[in-house]
Structure formats: structure tokens, C-alpha cells
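Trainee: I've got this one open on my screen and I'd like to get to know its inside properly. Could you take me through the core closely, and then show me how the surroundings fit in?

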Amino acid sequence: MSANPLENATKAFWVYALYSTDPEIQTRRSAVRAEHMAHMGSLYEAKLIRIGGVLFEPEPKDADSPTAAGSAMVVKLGSVAEVRKILEEDIYWTSNVWDKEKLLIFRIYISSLSIDGL
């Protein structure tokens, strides 16, 4: 038995993609959201994205209508480069919805009890 518990683990990556902060971000995001959702949906159907969604500001001024602040997802691919490639193909990337300078991709190990079917 290996001393490294990650040696045989399936590679999964956690993506943290904050939105740009310019004044037009929410308008730009709304304009391309349908195309983004279609792309993400196809990646989900292909079981590349296992879970994902919108991030909201942590302490909104109005709890009933928090402002969208970014995206988060768990992706099953072989490398950070492969994850980056699917993100760069998304309309949120090409339309500058995601802040490219703040994109974070972490390799993660998820226990089998964390998310059923991951």
C-alpha cells in the first residue's frame, strides 16, 4: 500500500472564478448567461463538471437580492491545463465576465462521503 493517499485518486479540481468588477459586469453577464449555461450544461452532461454554481457576495446589503460575484465548480480532468482550456472556451472568459487575473484552480481530494457520485 502506498504512503501517498493521492497516488491513485481521481484528479479533481476546484475552480474559483470571480467576476470582473467594472460597472457593466452584471449587464455583460446577463447578456451572455444563456450561452454560458449551455456550455456548462454540456460539460456537466459529459461528467467533466461535477458540481458548480454562482458565488454571491458574502455579506450582501440586501439579503433578499445578493449580488452575483463569481463562479465555483468542481471539475474532473487530468490537469490544470485541461481545466483552464475548458474555461477559456466559455463565453464568460471571452466576454470578460470572469476576472482572468483572479482565476484560481486547485487540485482537490474529495472523500467518497463528500458528494455522492463525484
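Mentor: Sure, but let's settle one word before we dig in. Buried means a relative accessible area under 20%, exposed means over 50%, and partly exposed is what lies in between. Keep in mind that this is a predicted model. By that cut-off, 30% of the 118 residues in the protein chain count as buried.

Now a quick map. The chain has three helices and four strands, and from the N terminus on they run β-α-β-β-α-α-β. Look at the contacts between residues with a separation of 6 or more: 70% of them join residues 24 or more positions apart. On the outside, the chain exposes about 7,600 Å², with carbon and sulfur atoms supplying 54% of that.

On to the part you asked for. The largest nonpolar core holds 23 residues, and the members that touch the most others are Val-15, Met-73, Val-75, Val-83, Leu-87 and Trp-98. Two or more residues each come from β1, α1, β3, α2 (80-88) and α3. The largest share is from α1, which puts in four residues.

Start with Val-15, which sits in strand β1. Val-15 is buried because its relative accessible area is 0%, and the cut-off is under 20%. Leave out the neighbours within four places in sequence, and Val-15 is still in contact with Ser-71, Ala-72, Met-73, Val-75, Val-83, Leu-87, Leu-103, Leu-104 and Ile-105. For a feel of how the chain comes back on itself here, put your cursor on Val-15 and Val-74: they are 59 residues apart in sequence, yet their C-alpha atoms are 6.3 Å apart in space.

Leu-87 is a good second stop. Setting aside residues up to four places away, Leu-87 touches Val-15, Met-73, Trp-93, Trp-98, Leu-103 and Ile-105. Val-15 has Met-73, Leu-103 and Ile-105 among its own partners too, so if you click through both sets you'll keep landing on those names.

Helix α1 deserves a look beyond the core as well. Tyr-44 belongs to this helix, and it counts as partly exposed because its relative accessibility is 47%, which falls between 20% and 50%. Apart from its neighbours within four places, Tyr-44 is in contact with Ile-49 and Arg-50. The C-alpha atoms of Tyr-44 and the core residue Val-75 are separated by 9.0 Å, with their positions 31 residues apart along the chain.

The same helix shows up again in the pockets. The largest pocket has about 300 Å³ of space and is lined by 18 residues, with His-36, Met-37, Met-40, Gly-52 and Gly-53 nearest its centre. Two or more lining residues each come from α1 (25-45), β2 (49-56) and β3 (68-75), and α1 gives the most, seven. By class, this lining splits into 10 nonpolar, six polar and two charged residues.

The second largest pocket comes in at about 220 Å³. It is lined by 16 residues, and Leu-18, Tyr-19, Thr-21, Ala-68 and Ala-69 are the closest to its centre. β1 (12-18), α1, β2 and β3 each give two or more residues to that lining, which is made up of nine nonpolar, four polar and three charged residues.

Finish with a few loop residues. Most residues other than glycine have a negative phi. Lys-47, in the loop between α1 and β2, has a positive phi of about 65° although it isn't a glycine. Lys-47 counts as exposed because its relative accessible area is 53%. Asn-96 is another non-glycine with a positive phi, about 60°, and you'll find it in the loop between α3 and β4. At 37% relative accessibility, Asn-96 counts as partly exposed. Ser-95 is in the loop between α3 (91-94) and β4 (104-108) too, but it counts as buried, at 17%. Beyond residues up to four places away, Ser-95 touches Arg-28 and Val-32.

Definitions and conventions. Residues numbered from 1 in each chain as written. Predicted model: local features only at pLDDT ≥ 70, side-chain atom pairs only at ≥ 80, totals over all residues. Heavy atoms only, no water. Buried < 20%, exposed > 50% of the residue type's maximum accessible area, 1.4 Å probe, protein only. Contact = heavy atoms within 4.5 Å. 1 Å grid on protein atoms, 1.4 Å probe; cavity = no way out; pocket = protein on both sides within 12 Å on 5 of 7 lines; lining within 4 Å. Points joined across faces, edges and corners; volume = space filled by probe spheres on them. Nonpolar A, V, L, I, M, F, W, Y, C, P; charged D, E, K, R; others polar. Areas by Shrake-Rupley, 256 points an atom, 1.4 Å probe, with all protein chains shown as cover. Core = buried A, V, L, I, M, F, W, Y, C linked by side-chain atoms within 4.5 Å.
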